[in-house]
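User: I'd like to go through the labels on this model and hear the reasoning behind each one. Can you take my questions one at a time?

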Amino acid sequence: MTTSSNPLGPKVRAGEHVSELAEAIFERYEARASETFEIDGFFGPGARPIPAVVVRLVAKFEEWNSRDLAKSSVKAIISDDDAKKDVGILDDLEQAGVVWWACRDPKNVNETAFPSPEWIAKTMTSEQIATLLRLVHAVRDKHGPSKGASKFTPDDLDAWVEAVAKLTRDDIPERLFAGLPFGVLVDAIVQLAGRCERLTSDKETLVAEVARQREVLAALEPVAIEHEQDSDV
Amino acid sequence: MRTRPPKPDAWPPEKLFRLFLRPGGPRLALPPMSFAPRVRLWARGLTSREEYAIRDDGEEMLDRVVAAATVDRNGPAFASPDHLGALLLTDFEELASAVTEALDVVSPAYIRVDVTAWRETLTEGARHVSNHADVWTIGGAYDWTGGGEQPDRYFGVPLCNLTDGQLMAYRAALSVVSDRRKATPT
């Protein structure tokens, strides 16, 4: 299937101002990086083997298109309103869209390697989609700016905890965390979970110690009363 | 990547104060982008109205923030968020990271920042000798007879088009003038 060569899709109107930056972006879009990978166990329509794919960098409008397609697919196939809001289903379908846009036919990179996002979602196993998605991420990591994404140090994390705690009286605007890579946020949650676990463990130790001291006090109380009575006599 | 939440200590206070008094509104130069090294870009401060409009739209918030805040020498670098469409995701990450880092300095919002810390830093900046002329000009445009704040008179734009950072700097300047007036009774 041939995909649109218009990088802006139908959204940009004719005659609309295009800045110097936008022009630079269009040039780069045309010459975007790609890598060829051999893949095993993948078949196209009619059980045609697909031994290799060219995986190229994904553009913003392709990501938006994947999301739009995912939403319309969910609306079309699911009637339950709650299920329509199921982030998991949407994410799976969106990932199928990203894979579809990124994977190209090695014989002609203007053609996608697979017929459609819906076809990917219906015919491929989760493992196959995950395999292709890993290739998409590999290309992104190799050519992207966030190579070796950093983590929060414990001091950084303290600063974020302090900032969030100060803002809890208001609704916390999501933009406080905007721009932070997903991996870094996951790492922060893992670090915080570790802290919670240690604090819970410390609290349990303290509660046990308090209970033990109370038992000692309870045992000593009759002795103390007896001693006091002896002193009075 | 931003590793710390926005705080006003990234810049010298006097320079930070001046950033918000810039004619045409506060903006901060972005480092050259690897995908467009010859294009000079800035991140401009967003008004509360713009921030809330972006939040009201809900989806693709970061895309909208980047599209709204990025400017080149001729004005908005993206005529609409749709113009981000051709940006490769890797390049978007680079731009979004630079823009959000710049916005932490150039676009403090009352709802999002430690207001006390920003007030203290901007007041310190307003006290600096290099900013005396601006501070007294702001004081001169204030109605001390009880009319209250009129930052639009100083900045020359409607109140709704002022960023929270401009309002913070304006109030910091007024507090400095007010302190001096109390210290030197007529």
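User: Why is Ala47(A) called exposed?

Analyst: This is a predicted model, and in it Ala47(A) has a relative accessible area of 56%. Exposed means over 50%, so Ala47(A) earns the label. You'll find Ala47(A) in the loop between β1 (34-38) and β2 (52-56) of chain A.

User: What makes the phi of Ala47(A) worth a remark?

Analyst: Its sign. Most residues other than glycine have a negative phi. Ala47(A) isn't a glycine, yet its phi is positive, at about 55°.

User: What makes Thr131(A) partly exposed?

Analyst: Its relative accessibility is 28%. Partly exposed is whatever lies between the 20% and 50% cut-offs, so that's where Thr131(A) lands. Thr131(A) sits in helix α6 of chain A, which covers residues 126-143. As for reach, its C-alpha is 53 Å from that of Ala211(A), which is 80 residues away along the chain.

User: How do you know that the length of α6(A) agrees with what a helix should span?

Analyst: Take its 18 residues at 1.5 Å a residue, and the expected span is 26 Å. The C-alpha atoms at the two ends are 26 Å apart, so the values agree.

User: And why say that the buried residues of α6(A) line one face?

Analyst: Start with who they are: Gln128(A), Ile129(A), Leu132(A), Leu133(A), Leu135(A), Val136(A) and Val139(A). Looking down the helix axis, these buried residues fall within an arc of 150°, so they line one face of α6(A). On the face turned away from that buried side, the exposed residues are Ser126(A), Glu127(A) and Arg134(A).

User: Which label do Cys103(A) and Cys196(A) get, buried or partly exposed?

Analyst: One of each. Cys103(A) has a relative accessible area of 0%, so it's buried. Cys196(A) comes in at 48%, so it counts as partly exposed; the exposed label would need over 50%. How many disulfides does the structure hold? Across all chains, the count is 0.

User: What about chain A as a whole, how much of it is buried?

Analyst: 34% of its 233 residues count as buried. The chain has 8 helices and 4 strands, and from the N terminus the order is α-β-β-α-α-α-β-β-α-α-α-α.

User: Over to chain B. Why is Leu88(B) called buried?

Analyst: Buried means under 20%, and Leu88(B) has 2% relative accessibility, so buried it is. Leu88(B) lies in the loop between β4 (75-76) and α4 (89-106) of chain B. From Leu88(B) to Asp104(B) is 16 residues in sequence and 24 Å in space, C-alpha to C-alpha.

User: Why are α1(B) and α8(B) called oblique?

Analyst: Two packed helices are described by the angle between their axes and the distance between the axes. Here the axes of α1 (residues 13-21) and α8 (residues 164-183) of chain B come within 8 Å and cross at roughly 120°. Roughly perpendicular is 65 to 115 degrees and roughly antiparallel is over 145, so α1(B) and α8(B) fall under oblique. Their crossing is left-handed.

User: And what makes α5(B) and α8(B) oblique?

Analyst: The axes of α5 (residues 115-127) and α8 of chain B come within 8 Å and cross at roughly 60°. Roughly parallel needs under 35 degrees and roughly perpendicular starts at 65, so oblique is the label for α5(B) and α8(B). This crossing is right-handed.

Conventions:
Residues numbered from 1 in each chain as written. Chains lettered and ligands numbered in written order. Predicted model: local features only at pLDDT ≥ 70, side-chain atom pairs only at ≥ 80, totals over all residues. Heavy atoms only, no water. Buried < 20%, exposed > 50% of the residue type's maximum accessible area, 1.4 Å probe, protein only. Disulfide = S-S within 2.5 Å. Expected span 1.5 Å × (residues − 1). Arc of directions from axis to C-beta. Axes fitted to C-alpha atoms, helices over the stretch in contact; angles between N-to-C directions. Left-handed = near helix turned anticlockwise from the far one by under 90°.
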